[in-house]
Amino acid sequence: MIDAPKPLGLLMHDAARAIRKRFEQRTCALGLSSAQWRLLAHLSREGRAAQARLADLLEIEPISVSRLLDRMEQGGWVRREPDPSDRRVRIIVPTEKTTSAYASIKATAEEVYAEALAGVPAEHRKILIDTLCAIVSNLSSDAESAPHCPKAAK
């Protein structure tokens with residue numbers, strides 16, 4: 001049997017899974033799941049967000065976000081506030097616990113990324129990042145899908 005290269009989608013999935021797994025190993029002491037970490041990362045960037053917005057960002061159903069937030073609220077990571085302009089909407093706000101832990105979490109993520117990219121020359125890292133940004137841009141219907149990528153020149 002010939003060793004064929006892995007399809008792009010599988011390779012990207014495997015790489016993301018390996019990074020997530022290593023990150024979870026390093027942060028398990030805080031007791032948050034991968035989904036909760038991703039929610040906190042989005043919330044830290046946004047400052048505050050509606051539950052529906054977080055569901056969109058995490059690409060999960062609103063009921064799943066609600067359950068996730070129930071656990072996070074019990075743990076003191078977030079609080080829910082009413083939206084002053086729409087009483088049906090709940091705004092999620094990070095607590096001081098989240099704010100103070102975020103720098104440590106971000107540093108851990110940077111360590112994991114450095115480990116993942118060990119031995120990869122700087123010019124290859126730039127090509128990798130640029131290529132991933134191009135893939136996201138090519139397949140995205142809106143600019144918000146690639147918040148870490150510069151806007152592509154048209």
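## Overall character of the model

How much area does the protein chain expose, and what share of it do carbon and sulfur atoms supply? The exposed area comes to about 10800 Å², and carbon and sulfur atoms supply 57% of it. The structure described here is a predicted model.

The protein chain has 154 residues, of which 27% are buried. Its secondary structure consists of 6 helices and 3 strands. Read from the N terminus, these elements follow the order α-α-β-α-α-β-β-α-α. Among the contacts with a separation of 6 or more, 46% join residues that lie 24 or more positions apart.

## Helices H1 and H5

Helix H1 covers residues 8-27, and helix H5 covers residues 96-116. The two helices pack with their axes 10 Å apart, at an angle of about 135°. An angle over 115 but not over 145 degrees falls outside the ranges for roughly perpendicular and roughly antiparallel, and H1 and H5 are therefore oblique to each other. The crossing of H1 past H5 is right-handed. On the H1 side, the contact is made by Ile19, Arg22, Phe23, Arg26 and Thr27. On the H5 side, the contributing residues are Ile105, Thr108, Ala109, Glu111, Val112, Tyr113, Glu115 and Ala116.

Charged residues also take part in this contact: Arg22 and Arg26 belong to H1, and Glu115 belongs to H5. These three residues, Arg22, Arg26 and Glu115, are linked in a network of salt bridges.

## Helices H2 and H5

Helix H5 also packs with helix H2, which spans residues 34-46. The axes of H2 and H5 come within 11 Å and cross at roughly 105°. This angle makes H2 roughly perpendicular to H5. The residues of H2 in the contact are Trp37, Leu40, Ala41, Ser44 and Arg45, and those of H5 are Thr98, Tyr102 and Ile105. Ile105 of H5 is thus named in the contact with H2 and is also named in the contact with H1.

Alanine 101 has its place in helix H5 as well. Is alanine 101 buried or exposed? Its relative accessibility is 14%, so alanine 101 counts as buried, the limit for buried residues being under 20%. Alanine 101 and leucine 30 are 71 residues apart along the chain, and their C-alpha atoms are separated by 9.3 Å.

## Helices H3 and H4 and the loop between them

Helix H3 (51-58) and helix H4 (62-74) are joined by a loop in which glutamate 59 is found. Glutamate 59 has a positive phi of about 55°, although it is not a glycine. Glutamate 59 counts as exposed, with a relative accessibility of 73%.

How are H3 and H4 oriented to each other? Their axes are 9 Å apart and they pack at an angle of about 105°. H3 and H4 are therefore roughly perpendicular to each other. The contact involves Gln51, Leu54, Ala55 and Leu58 of H3, together with Pro62, Val65, Ser66, Leu68 and Leu69 of H4.

## Salt bridges

Side chains of opposite charge can pair when their charged atoms come close. How many salt bridges does a search of the whole structure find? The search finds 10 salt bridges.

One of them joins arginine 53 to glutamate 46, with the closest N and O atoms 2.8 Å apart. Arginine 53 is partly exposed, having a relative accessible area of 26%, and glutamate 46 is also partly exposed, at 34%. Another salt bridge pairs glutamate 73 with arginine 80, where the closest N and O atoms are 2.8 Å apart. In this pair, glutamate 73 counts as partly exposed at 32% relative accessibility, whereas arginine 80 counts as buried at 17%.

A further salt bridge forms between aspartate 130 and lysine 126, and here the closest N and O atoms are 2.6 Å apart. Both residues lie in helix H6 (residues 122-139). Aspartate 130 and lysine 126 are 4 residues apart, which is about one turn of the helix. Aspartate 130 is partly exposed, with a relative accessible area of 40%, while lysine 126 is exposed, with a relative accessible area of 52%.

Conventions
Residues numbered from 1 in each chain as written. Predicted model: local features only at pLDDT ≥ 70, side-chain atom pairs only at ≥ 80, totals over all residues. Heavy atoms only, no water. Salt bridge = Lys/Arg side-chain N within 4 Å of Asp/Glu carboxyl O. Buried < 20%, exposed > 50% of the residue type's maximum accessible area, 1.4 Å probe, protein only. Contact = heavy atoms within 4.5 Å. Areas by Shrake-Rupley, 256 points an atom, 1.4 Å probe, with all protein chains shown as cover. Axes fitted to C-alpha atoms, helices over the stretch in contact; angles between N-to-C directions. Parallel < 35°, antiparallel > 145°, perpendicular 65-115°, else oblique. Left-handed = near helix turned anticlockwise from the far one by under 90°.
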